[in-house]
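Student: I am new to this structure and would like a close look at a single part of it. Could you choose one strand, walk me through its surroundings, and then set it in the wider chain?

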Amino acid sequence: MTDSEIPVGARIAVGLAALGRPAYINLGRTGVLPPGREFEAMRAATHAVLDDAYRAGVRWIDVARSYGSSEEFLAGWLADRGHPDVTVSSKWGYRYVGEWKLDAEVHEVKEHTAARFAEQWAETGALLGKAVSLYQVHSLTVDSPLFADERLVGALAELAADGVPVGFSTSGPAQADAIRRAFELEVAGTPVFSAVQSTWNLLEPSAGPALAEAHAAGKRVLVKETVANGRLVVEPPPSLDRIARAHGVGPDAVAIAAVLAREWRPMAVIGPSSTAQLAENLVATKAKLTADDLAELATLAEEPAAYWRHRSCLGWQ
């Protein structure tokens, strides 16, 4: 990284995956959320994080239809605070079905169809209106039916033509393939997608080359799961822990700083579960990792298939 500090608002977004619903797969959230995780308590916790993030300079908030009531919480916060300079991104494709239960048998259901897109865009619009600056396909994979659905692709292109940028998020060991294939989609010679949000972290950096290509092509690049759903914080590898201690910061700050150090300049989406976690995450913008630090951290990468198998075993908590 350069010697100058990275402005918080320039490269950090706050995601509400861990705050918009009572259960999620992130490690390290159980002891910091409101006891009982009642709806109003989670709303208050979300607003507290958003207030602190805004005061710190964060101006990008990322939500999704499947993040429980994240869109509703954000809409209420925007209405109450009146901030005109906040960028909002949301996602469609998963439906939250957890009924605000910690022990729900199923928490979300995925469906990439034109009908689901139309339904969820209407729901997002009813809550957030013109505040939405990016609408993303949630968890696009190479085998998604989207790629063969001309009606759906046409609807996405129409939304982009109407002035709402359209993007997609990715997951799974074949993220790079999904990224490249999605950016090839065109309607009447115009690319459908202008942004991508992918998992990239010290344990799973395999999408990096495809994200670098996207950046070089002028696409907006966001990175999610920057601390590997909490794994890099709760159970940091020894080298990460040593580098963090050497810099006097937490392992989360180092992990996020490593994202910010990418030459393809992604927006790092962080997912704090509390104001304390937010403050610890934001230290990343001041952490000055050396070339030796980054080289050592690069050795932490796991095989993509192994990483995603591990992730699939994380329990909702």
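Tutor: What follows is a look at strand 12 and its partners, then at a helix, some salt bridges and the chain as a whole. Please keep in mind throughout that this is a predicted model.

Strand 12 runs over residues 267–270, and both of its faces are covered. On one side sit Met267 and Val269, on the other Ala268 and Ile270, and these residues are all buried, meaning that each has under 20% relative accessible area. Strand 12 also has strands paired with it: strand 1, residues 12–15, pairs with strand 12 in the parallel sense over three bridges, and in this pairing Ile12 has Ala268 as its bridge partner. Strand 11, residues 220–224, likewise pairs with strand 12 in the parallel sense, over two bridges, and here the bridge partner of Leu222 is Met267.

A helix offers another view of burial. In helix 13, which covers residues 304–312, Pro304, Tyr307 and Trp308 are buried. Seen down the helix axis, the buried residues of helix 13 fall within an arc of 90 degrees, so they line one face of the helix. An α-helix has 3.6 residues a turn, so residues three or four places apart point the same way. The cover over the buried residues of helix 13 includes helix 6 (175–183), strand 10 (195–199) and helix 8 (231–234).

Charged side chains provide links elsewhere. Asp62 and Lys91 form a salt bridge whose closest N and O atoms are 2.4 Å apart; because Asp62 lies in strand 2 and Lys91 in strand 3, the pair ties together parts that are 29 residues apart in sequence. Both Asp62 and Lys91 are buried. Another salt bridge joins Arg59 and Asp85, with 2.9 Å between the closest N and O atoms, and this pair links a loop between helix 2 and strand 2 with a loop between helix 3 and strand 3. Arg59 is partly exposed at 24% relative accessibility, and Asp85 is partly exposed at 37%.

To place these parts in the whole, the chain has 13 helices and 12 strands. Its radius of gyration is 18 Å, close to the 20 Å that the globule rule gives for 317 residues, so the chain is as compact as a globular protein of that length. Buried residues make up 54% of the 317 residues, and among contacts between residues at least 6 apart in sequence, 78% join residues at least 24 apart.

Methods
Residues are numbered from 1 along each chain as its sequence is written. This is a predicted model: local features need pLDDT of at least 70, side-chain atom pairs count only at pLDDT 80 or more; totals for chains, interfaces and linings use all residues. Side-chain values use heavy atoms; hydrogens and water are left out. Buried means under 20% relative accessible area, exposed over 50%, partly exposed in between (1.4 Å probe, protein chains only). Helices (H or I, at least four residues) and strands (E, at least two) are DSSP runs, numbered from the N terminus. The arc is that of the directions from the helix axis to the C-beta atoms. Contact means heavy atoms within 4.5 Å. Two strands pair if DSSP finds at least two bridges between them. The radius of gyration is taken over C-alpha atoms; the globule rule is 2.2 Å times the number of residues to the power 0.38. A salt bridge is a side-chain nitrogen of Lys or Arg within 4 Å of a carboxyl oxygen of Asp or Glu.
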